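Hello,

Here is the structure I promised to pass on to you. Have a look at it first, and then read on for my notes on what turned up.

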Amino acid sequence: MTYASQILNVDSVEVVRLTDNDHRLELSVCPSVGNIAYEMTANGKQILMKTAVKLDEWKAKPSQAGIPFLSPWANRLDQHAYWANGRKYLLNPEVIDYRKDGNGLPIHGLVLFAPWTVVGHSHTDQRAEVTSRLEFWRNPRWMAQFPFAHTIEMTYRLSGGVLEVRTSIENHSTEPMPLSIGFHPWYQIPGVPRDRWTVHVPVKSQYLLADSLIPTGETKPVDLRESTPLVGRQLDDVFGGVDSAEEFWVEAKGQRVSVRFGPKFPIAVVYAPQTRDVICFEPMTGVTNAFNLARAGTYKELQSIPPSGNWAESFWVRPSGF
């Protein structure tokens with residue numbers, strides 16, 4: 001059988017495992033911890049940074065690994081408030097202890113490690129997939145911070161040696177829902193130090209950042225389409241003008257992880273710390289602090305979902321040479 005999907009119990013935690021036997025790919029998803037794809041192997045080699053502890057320990061004290069989802073704001077806000085539809089909404093830490101960065105700014109939204117519900121998993125002779133759902137509108141503490149009722153569905157699909165991650169959102173609100181979501185995947189070339197990696201970043205512009213890592217609204221042209229060595233270089237940058245026809249990639253010793261963004265992910269955050277053997281090509285619907293920069297008039301491309309409307313987009317991960 002080329003493809004398989006199955007529900008398993010790993011360390012007393014329920015997971016869904018998808019398999020593409022022809023291409024020797026395997027993906028494991030943990031719905032109860034943010035619906036995170038916490039492990040992906042290509043020919044037995046880990047191409048995602050996985051948890052350093054057993055799954056039951058990770059579930060009790062979760063940390064970033066695999067492919068986390070960021071919503072309803074991706075990355076940082078520049079204050080404990082945001083603007084939407086001409087109104088200022090204040091965050092309330094007395095209701096929920098949302099995540100903060102080293103400067104005390106809100107980061108990575110509200111649902112990073114939230115439990116999702118599996119609504120279906122299946123396999124055919126062409127693919128294996130699992131779909132999970134998060135009903136944001138059912139949680140009063142989330143709604144107190146972001147009062148736009150919505151439902152999110154996420155599908156992980158293996159087909160033809162490629163992982164597709166597809167996200168769809170339905171806005172149940174009577175107002176447009178501003179959209180600033182993204183993913184924070186942690187990729188690696190196992191067994192090769194990051195200083196021997198090269199990268200390809202198909203973007204056209206780079207956002208200038210303040211010391212707080214918040215975009216100022218200014219941009220500059222950039223061209224990283226050629227092979228760029230990571231040695232001596234740290235990346236923690238926000239890029240615009242993503243070319244959805246091209247792939248980001250990281251490569252070493254003939255092994256490559258390639259990532260392509262759908263056109264509704266026009267922004268990329270690329271993170272490659274010098275102290276860790278990882279790189280993150282992060283698909284984003286908007287620039288960091290998009291809600292507030294849009295209000296200030298320095299960001300014109302903020303997406304939104306109309307009342308009772310839907311939004312959907314994918315990104316794709318393709319390992320090769322493993």
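A residue is called buried here when its relative accessible area is under 20%, exposed when that value is over 50%, and partly exposed in between. Please keep in mind that this is a predicted model.

Let me start with T285, where that cut-off comes straight into play. T285 has a relative accessibility of 0%, so it counts as buried. You will find T285 in the loop between strand 23 (280–284) and helix 3 (290–296). The side chain of T285 reaches the backbone oxygen of L179 at 3.3 Å. L179 is also among the residues that T285 touches, a list that includes S180, I181, K264, F265 and P266, along with Y299, Q303 and W311, when residues up to four places away in sequence are not counted.

Next, the nonpolar interior. The largest nonpolar core has 73 residues. Which residues have the most contacts inside this core? They are Y156, F248, I279, F281 and F315. Strand 11 (residues 150–159) gives the most to this core, with four residues. There is also a second, separate core of 21 residues, and C30, V33, I36 and F113 are included in it.

F248 is worth a look on your screen. Leaving out residues up to four places away in sequence, F248 touches H200, V201, P202 and V203, then V242, V257, S258, V259 and F261, and finally A268, V270 and F281. One of these contacts, H200, lies in strand 15 (residues 198–201). H200 is buried, with 9% relative accessibility. Its side chain makes a polar contact with the side chain of E246, at 3.1 Å.

You may wonder about the cysteines. How many disulfides does the structure hold? The number is zero. The closest cysteine sulfur to that of C30 belongs to C280 and is 19 Å away, which is too far for a bond, because a disulfide needs two cysteine sulfur atoms within 2.5 Å. Seen from the other side, C280 is in no disulfide either, and the nearest cysteine sulfur to it is that of C30. C30 is buried, with a relative accessible area of 0%, and C280 is buried at 0% as well.

Now for the charged pairs. A search of the whole structure finds 13 salt bridges, and I will pick out a few.

- K100 and D97 form a salt bridge, with their closest N and O atoms 3.2 Å apart. K100 is partly exposed at 38% relative accessibility, whereas D97 is exposed at 65%.
- R133 and E153 meet through their side chains in a salt bridge of 2.5 Å, N to O. R133 lies in strand 10 (residues 128–135) and E153 in strand 11, so this pair ties together parts that are 20 residues apart in sequence. R133 is partly exposed, with a relative accessible area of 31%, and E153 is partly exposed at 23%.
- R157 and E164 meet in a salt bridge of 2.9 Å, N to O. Here R157 is partly exposed, with a relative accessible area of 23%, while E164 is buried at 15%.

The last pair belongs to a wider arrangement: R127, E129, R157 and E164 are linked in a network of salt bridges.

Finally, a word on one of the sheets. Five strands form an open sheet in the order 1-2-3-4-5, with antiparallel pairing. Which strands are at the edges? They are strand 1 (3–10) and strand 5 (45–46), each of which pairs on one side only. Within this sheet, strand 3 (residues 25–30) and strand 4 (residues 36–42) run antiparallel and are joined by six bridges. If you want a place to begin tracing that pairing, E26 stands opposite T41 in strand 4.

Happy browsing, and write back with any questions.

Best wishes

Methods:
Residues are numbered from 1 along each chain as its sequence is written. This is a predicted model: local features need pLDDT of at least 70, side-chain atom pairs count only at pLDDT 80 or more; totals for chains, interfaces and linings use all residues. Side-chain values use heavy atoms; hydrogens and water are left out. Buried means under 20% relative accessible area, exposed over 50%, partly exposed in between (1.4 Å probe, protein chains only). A nonpolar core is a set of buried Ala, Val, Leu, Ile, Met, Phe, Trp, Tyr and Cys residues joined through side-chain atoms within 4.5 Å. Helices (H or I, at least four residues) and strands (E, at least two) are DSSP runs, numbered from the N terminus. Contact means heavy atoms within 4.5 Å. A salt bridge is a side-chain nitrogen of Lys or Arg within 4 Å of a carboxyl oxygen of Asp or Glu. Two strands pair if DSSP finds at least two bridges between them. A polar contact is a pair of N or O atoms within 3.5 Å; within protein, one must be able to donate a hydrogen and the other to accept it, and residues adjacent in sequence count only if both atoms are side-chain atoms.
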